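Take a walk through this structure with the sequence at hand. The route goes from the sheet to the cores and ends at some backbone details.

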Amino acid sequence: MLADTHAPRRWRVCPPRVAEHLRTADRILHAGDVCTAAVLAELAEYAPVTAVLGNNDGPDVAEWGAQRTAELDLDGLKVNMVHDSGAAAGRLTRLRRRFPGADLVVFGHSHIPLDESAPGAPGAPGAPGTPGTPGLRIFNPGSPTDRRRQPHGTLGLLQIAGGRLITAAIVPVT
């Protein structure tokens, strides 16, 4: 998973440490702010790509096929994507309302990596979910190229099997 690559200012070609992970990907999710469709074409050389539009994406990214939101079934796991999830306060509840059928919501925009779960979410410890957020896990892979105030550029890796999120990891690439 990627977000906020901000080409061509921050991404001229796929960084080698990012490419290492893409070579083994079954699918690539990009949570917006690609900024140019050329990045999506480059990513598609590694694996099928699903991308959502970010606030800095131009018409060529929309013409490539990116939408404001995306809904996917990844081996039985219900995944939704959006670029901007809004303020951190109330995020789990807000995303559950917006995507009531989702097991996992992937987002970007902040450049801040995040893996957060409501109790009962796929791969989360604990019992059944809390009211308003049952079973929801939210994930921001951060940015591999524009880390802002983060210690590293990052991407996200998911392992999914049989409708279950087996592992989720935020991986430093800079």
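What follows is a guided reading of a predicted model.

Start with the sheet. It is open and has five strands. Their order is S3-S4-S5-S7-S6, and the pairing is mixed. In general, strands of a sheet pair through backbone hydrogen bonds, either parallel or antiparallel. Here the edge strands are S3 (69-74) and S6, and each of them pairs on one side only. Neighbouring strands are turned against each other by 15° on average, direction ignored.

Look now at one pair of strands. S3 and S4 run antiparallel, and six bridges join them. One residue to find here is Leu74, whose bridge partner in S4 is Leu77.

Stay on S4, which spans residues 77-82 and holds Asn80. Is Asn80 buried or exposed? Its relative accessibility is 9%, so Asn80 counts as buried; the cut-off for buried is under 20%. Leaving aside neighbours within four places in sequence, Asn80 is in contact with Ala70 and Glu71. Asn80 also contacts Phe99, Ala102, Leu104, Val105 and Val106.

Follow the contact to Ala102. This residue sits in the loop between helix H4 (91-98) and strand S5 (104-106). Ala102 counts as buried because its relative accessibility is 3%. Besides Asn80, Ala102 touches Lys78, Arg96 and Leu136, again not counting residues up to four places away in sequence. For a sense of distance, take Leu53. Ala102 and Leu53 are 49 residues apart in sequence and 19 Å apart in space, C-alpha to C-alpha.

Arg96 leads into H4. In this helix, Arg91, Leu92, Leu95 and Arg96 are buried. Seen down the axis of H4, the buried residues fall within an arc of 130°, so they line one face of the helix. What do the buried residues of H4 pack against? They pack against S4, S5, S6 and strand S7 (137-140).

Next come the nonpolar cores. The largest has 21 residues. Within this core, Leu2, Trp11, Val18, Ile28, Leu40 and Leu43 touch the most other members. Helix H1 (16-22), helix H2 (37-44) and strand S2 (49-51) are the elements that give two or more residues to this core. A second, separate core has 16 residues, including Leu29, Val79, Phe139 and Leu165.

Trp11 deserves a closer look. Not counting residues up to four places away in sequence, Trp11 touches Leu2, Thr5, His6, Val18 and Val39, among others. Its contacts also include Glu42, Leu43, Pro144 and Thr145.

Finish with the backbone. Most residues other than glycine have a negative phi, and most peptide bonds are trans. Three places in this model depart from that pattern. A cis peptide bond joins Ala7 and Pro8, with omega about -5°. Pro8 lies in the segment before H1.

The other two places have a positive phi. Cys35 has a phi near 80°, though Cys35 is not a glycine. Cys35 is in the loop between strand S1 (28-30) and H2. With a relative accessibility of 19%, Cys35 counts as buried. His111 has a phi of about 65°, also positive, and is not a glycine either. Its place is in the loop between S5 and strand S6 (114-117). His111 is buried, because its relative accessible area is 1%.

Methods: Residues numbered from 1 in each chain as written. Predicted model: local features only at pLDDT ≥ 70, side-chain atom pairs only at ≥ 80, totals over all residues. Heavy atoms only, no water. Helix = DSSP H or I, 4+ residues; strand = E, 2+ residues; numbered from the N terminus. Buried < 20%, exposed > 50% of the residue type's maximum accessible area, 1.4 Å probe, protein only. Contact = heavy atoms within 4.5 Å. Core = buried A, V, L, I, M, F, W, Y, C linked by side-chain atoms within 4.5 Å. Arc of directions from axis to C-beta. Pairing = 2+ DSSP bridges. Axes fitted to C-alpha atoms, helices over the stretch in contact; angles between N-to-C directions.
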